[in-house]
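Here is a short tour of one protein chain. Keep the 3D view open and find each residue as you read.

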Amino acid sequence: MTGPVNDQQAKTPLCPRWEARADLVVIGSGVAGLTAALRARELGLHVLVVTKAAVADGNTRWAQGGVAVVLDGERDADDTVEKHTADTLTAGAGLCDEDAVRSILLGGPAAVNALRANGAVFDHESGGLSRTREGGHSAFRVIHAGGDATGAEVERTLVAQAGERRIPVLEHHIAVDALRTPAGEVSGVTVLDRNGVPGVVRASAVVLASGGIGQLYQATSNPEIATGDGLALALRAGATVADIEFLQFHPTVLFTPGARGRCPLVTEAVRGEGGTLVDGAGASVMAGVHPLGDLAPRDVVAAAITRRQALAPGGIDDHVFLDATGIPGFAKRFPTVYAACQALGIDPAVDGIPVTPAAHFSCGGVVTTADGRSTVRGLYAAGEVARTGLHGANRLASNSLLEGLVVGQRAAEAVAADLAAGLLPDPSRGRLPERTSAPAAERDALQRVMSRYAAIGRDADGLAAAGSVLDLSTQDSPLWTHKAVEDAALTLVAQAMLSAAALRTESRGCHVRSDFPERDENRWRRSQVIRLSPSGQPVLAEAASLEGVA
Ligand SMILES: Cc1cc2nc3c(=O)[nH]c(=O)nc-3n(C[C@H](O)[C@H](O)[C@H](O)COP(=O)(O)OP(=O)(O)OC[C@H]3O[C@@H](n4cnc5c(N)ncnc54)[C@H](O)[C@@H]3O)c2cc1C
């Protein structure tokens, strides 16, 4: 059954037909999830990974540009973690948590070295690791693998390690809701197996590593799994989320007429190595826009492209061009981008690459400390689903794989420490959720209104219109299928984003309001924190909740 339900049906109790137990259940098998699971195993915890697709399916394996890290002996002579911190704070447009930024970036070199020790191979050139520079970075500190296939190498390494260490992974199992003790602590999750058969995993702790939310939009660089399930689960479990209005649009995905779903990315490193953005008439898009020109932070570049597209003679143009004709050996340096171009009959050596901005990275998420503790005891989060304070209003390019490696590991360590200190609940006390349904909108309608009204260049009328359309196309649906769980998650996350975006009457980082184009330092140099009201609506919570992390 997938249609609407009446109140009686909504309260139909879940009848789990299978049960598993672990010290720790990790939701997701991308960089953050597998890193957490591997560290948990090292610490002697009984860990189980639940993932709704195949083990390697996630944003991680699509990452192209690389990992931003300042490694000893593999850096520009004057580069330091402090400089990396400063660049991150600048990109974050006043909303980063400086302590979290410093702490996570300081953890980067050890995390990357551990990954390399476990078999990850990064590209080399004479004298050491090959490093590139991406938008917003003041130094060459982005290491990469396979040219532009860094995420695939990170995922390959972690999957191989998980296999070698026999970490159990339940593939094609989707986590639905948290089990909670009478005191509100999280102590496991309900899960649907690949056939939709319900079960429970009881555990002293849950680490959410469920990735991003790109599927809120019609055009996105994210694969189909990026439906915000972890955010919805966390909200329904009583946790807080923050900075959800800051959804980064990648300035350059390959423009394919009529494309929907995941669009191939054209990595920023192409601009790092000399590519320039031009409009249909061949005029520079970035000239005079920002001192860093084509290497400006991605929010600046994405907004500039959107403005240029809107100015096109004869109405809105759907793309501009990336001129990479001056980059020698393009096919070898950027094999993934080259293959995607070739599939469209484009040769970057002679043709401009048609590009447009697309939904890419969620800067906000479940509020956590820099070691993954959320505001609810027993619930931890790491990777793109988490809001540690590293990204603020705009992520600095290539900081997210690093965050997954560092915080994934720390989240496992936090679980081990909290277990040893007797702080975590007895899993047998976890109760099933009372409601087994949630409001869900029709996915096409949701993606259409979010793309039209809640992308770059939002305004009050459009955000209100999007909210109304969403309300009209939303009905209570039982969470009995994978699709229903995803649709309910997309709906809740869209509602949260629309509320936060409507309230923030300024432009900052990747939140660009056409009716409030300026940054308002007096009023808005702060994060907005959201939780669910008793009736299940996302509402603004006190900003103090940012400090109230368990
Ligand atoms: C095209 C592209 C290029 C990028 N390039 C870079 C780059 O160069 N450098 C960089 O640092 N970052 C880059 N990023 C961002 C980076 O890849 C991601 O932020 C990062 O990989 C997220 O890792 P994660 O472990 O948090 O989530 P993911 O890798 O997305 O994994 C999420 C996991 O959660 C599972 N899951 C989700 N919901 C559920 C559920 N309900 N139940 C069970 N399982 C669930 C999924 O199946 C998946 O296994 C890029 C992203 C994209 C899309």
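Ser362 is in contact with Ile213, Phe246, Leu247 and Glu384, leaving aside its neighbours within four places in sequence. Ser362 sits in strand 18 (residues 353-362). Note that this is a predicted model.

**Ser362 and its surroundings**

- Is Ser362 buried or exposed? Its relative accessibility is 3%, so Ser362 counts as buried.
- A polar atom of the Ser362 side chain lies 3.0 Å from the backbone oxygen of Gly364.

**Domains**

- The domain assignment splits the chain into domain 1 (8-243 + 363-428), domain 2 (250-358) and domain 3 (435-546).
- The centres of domain 2 and domain 3, taken over C-alpha atoms, are 29 Å apart.
- Domain 2 and domain 3 do touch: six residues of domain 2 are in contact with five residues of domain 3.

**Nonpolar cores**

- In soluble globular proteins, nonpolar side chains tend to be buried together.
- The largest nonpolar core here has 58 residues. Within this core, Leu208, Leu216, Tyr217, Val366 and Met450 touch the most other members.
- Which element gives the largest share of this core? Helix 14 (residues 482-503) does, with 10 residues.
- Where does this core lie? Domain 1 and domain 3 both give residues to the core, so it lies between them.
- There is also a second, separate core of 52 residues. Among its members are Val31, Ala37, Ile104 and Leu105.

**Tyr217 and the aromatic pairs**

- How many aromatic pairs does a search of the whole structure find? The search finds two.
- One pair is Tyr217 with Phe249. Their ring centres are 5.3 Å apart and their planes meet at 80°, so this pair is edge-to-face.
- This pair links distant parts of the chain, 32 residues apart. Tyr217 is in the loop between strand 11 (198-208) and strand 12 (219-220). Phe249 is in strand 14 (residues 247-254).
- Tyr217 and Phe249 are both buried.
- Beyond residues up to four places away in sequence, Tyr217 touches several others, including Leu247, Ala359, Gln447, Met450, Arg458 and Met497.
- Phe330 and Phe334 also form an aromatic pair. This one is tilted, with 5.2 Å from centre to centre and 45° between the planes.
- Phe330 counts as buried at 5% relative accessibility. Phe334 is buried too, with a relative accessible area of 0%.

**Asp177**

- Asp177 belongs to strand 9 (residues 174-180).
- With 8% relative accessibility, Asp177 counts as buried.
- Which side chain makes a polar contact with the side chain of Asp177? The partner is the side chain of Arg236, at 2.9 Å.
- Not counting residues up to four places away in sequence, Asp177 touches Gly188, Val189, Thr190, Leu233, Arg236, Pro433 and Leu479.

**A three-stranded sheet**

- Three strands form an open sheet in the order 3-7-6, with antiparallel pairing.
- Why is one side of strand 3 (67-68) and of strand 6 (131-132) left without a neighbour in the sheet? Both strands stand at the edges, and each has a single partner strand, so one side of each stays free of a neighbour there.
- Strand 6 and strand 7 (residues 142-143) run antiparallel and are joined by two bridges.
- Across this pairing, Thr132 stands opposite Val142 in strand 7.

**Trp62**

- Trp62 lies in the loop between strand 2 (47-50) and strand 3.
- At 30% relative accessibility, Trp62 counts as partly exposed.
- Trp62 and Asn222 are 160 residues apart in sequence. In space they are 8.1 Å apart, C-alpha to C-alpha.
- Trp62 touches Pro223 and Arg262, not counting residues up to four places away in sequence.

**A hairpin**

- Strand 24 (residues 529-532) and strand 25 (residues 538-541) run antiparallel, joined by four bridges.
- Arg531 stands opposite Val539 in strand 25.
- Strand 24 and strand 25 form a hairpin with five residues between them. In the turn, Gly536 has a positive phi of about 90°.

Definitions and conventions
Residues are numbered from 1 along each chain as its sequence is written. This is a predicted model: local features need pLDDT of at least 70, side-chain atom pairs count only at pLDDT 80 or more; totals for chains, interfaces and linings use all residues. Side-chain values use heavy atoms; hydrogens and water are left out. Two strands pair if DSSP finds at least two bridges between them. Buried means under 20% relative accessible area, exposed over 50%, partly exposed in between (1.4 Å probe, protein chains only). A polar contact is a pair of N or O atoms within 3.5 Å; within protein, one must be able to donate a hydrogen and the other to accept it, and residues adjacent in sequence count only if both atoms are side-chain atoms. Contact means heavy atoms within 4.5 Å. A nonpolar core is a set of buried Ala, Val, Leu, Ile, Met, Phe, Trp, Tyr and Cys residues joined through side-chain atoms within 4.5 Å. Domain bounds come from an automatic or database domain assignment. Rings of Phe, Tyr and Trp (its six-membered ring) pair if their centres lie within 6.5 Å; planes under 30 degrees apart count as stacked, over 60 as edge-to-face and the rest as tilted.
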